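These are my notebook entries on a structure that I looked through for the first time. I recorded each item as I looked it up.

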Amino acid sequence: MTADADLDSGLPIRLLHDRVLVRMEGSDGERRSSAGIVIPATAAVGKRLAWATAVGVGPNVRAVVSGDRVLFDPDDRSEVELHGRGYVLLRERDVHAVAAERVEENATGLYL
């Protein structure tokens, strides 16, 4: 599939196999808690997963479509820059969860 309208200005990109191209949400800098407290980027945090938006998926991806929010481990990522913008390339198996309108309430998210 061709990834995202931002990428249409250059060469089209077709992801292969089970790859998911995502755009990170926010920045790696400081963040705010739900109460509004600013947490500096230098604060030590245990293993923390990150949310990103899928902008393209390969033909063998079954559980993610473009536009979905996905949860993944930022330590297991491959970064790529396309047209001056940073993206992360993942395998579908590295995605821990999908947040999308089409996800059913009683669905397990498992497939065998």
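I began with histidine 83, which I found in the loop between strand 6 (78-82) and strand 7. I noted that the phi of histidine 83 is positive, about 55°, although the residue is not a glycine. The model I am reading is a predicted one.

I then looked up histidine 17, whose phi is near 55°, again a positive value in a residue other than glycine. I located histidine 17 in the segment before strand 1.

Next I turned to the strands on either side of the loop that holds histidine 83. Strand 6 and strand 7 run antiparallel, and I recorded five bridges joining them. I looked up one pairing: glutamate 81 has glycine 86, in strand 7, as its bridge partner.

I followed the pairing through the sheet. I recorded an open sheet of six strands in the order 6-7-1-4-5-8, with antiparallel pairing. Which strands stand at the edges? I found strand 6 and strand 8 (95-99) there; each has a single partner strand, so one side of each is left without a neighbour in the sheet. From one strand to the next, I noted an average twist of 40°.

I went on to the nonpolar residues. In general, nonpolar side chains in soluble globular proteins tend to be buried together. The largest nonpolar core here has 13 residues, and I listed Val20, Val22, Val64, Val70, Phe72 and Leu90 as those with the most contacts inside it. I saw that strand 1 (19-24), strand 4 (50-57), strand 5 (69-72) and strand 7 (85-91) each supply at least two residues of this core. Strand 4 gives the largest share, four residues.

I looked up the surroundings of valine 22, leaving aside neighbours within four places in sequence. Valine 22 is in contact with Ala52, Thr53, Ala54, Val55, Val70, Phe72, Tyr87, Val88 and Leu90. Apart from the largest core I recorded another, of six residues, among them Ile13, Leu15, Leu21 and Val55.

I ended with aspartate 18, in the segment before strand 1. Is aspartate 18 buried or exposed? Its relative accessibility is 18%, and I therefore entered aspartate 18 as buried, the cut-off being under 20%. I noted a polar contact of 2.8 Å between the side chains of aspartate 18 and arginine 19. Not counting residues up to four places away in sequence, aspartate 18 touches Asn60, Val61, Leu90, Arg91 and Glu92.

Technical notes
Residues are numbered from 1 along each chain as its sequence is written. This is a predicted model: local features need pLDDT of at least 70, side-chain atom pairs count only at pLDDT 80 or more; totals for chains, interfaces and linings use all residues. Side-chain values use heavy atoms; hydrogens and water are left out. A nonpolar core is a set of buried Ala, Val, Leu, Ile, Met, Phe, Trp, Tyr and Cys residues joined through side-chain atoms within 4.5 Å. Buried means under 20% relative accessible area, exposed over 50%, partly exposed in between (1.4 Å probe, protein chains only). Contact means heavy atoms within 4.5 Å. A polar contact is a pair of N or O atoms within 3.5 Å; within protein, one must be able to donate a hydrogen and the other to accept it, and residues adjacent in sequence count only if both atoms are side-chain atoms. Two strands pair if DSSP finds at least two bridges between them. Axes are lines fitted to C-alpha atoms, for helices over the stretch in contact, and angles run from 0 to 180 degrees between N-to-C directions.
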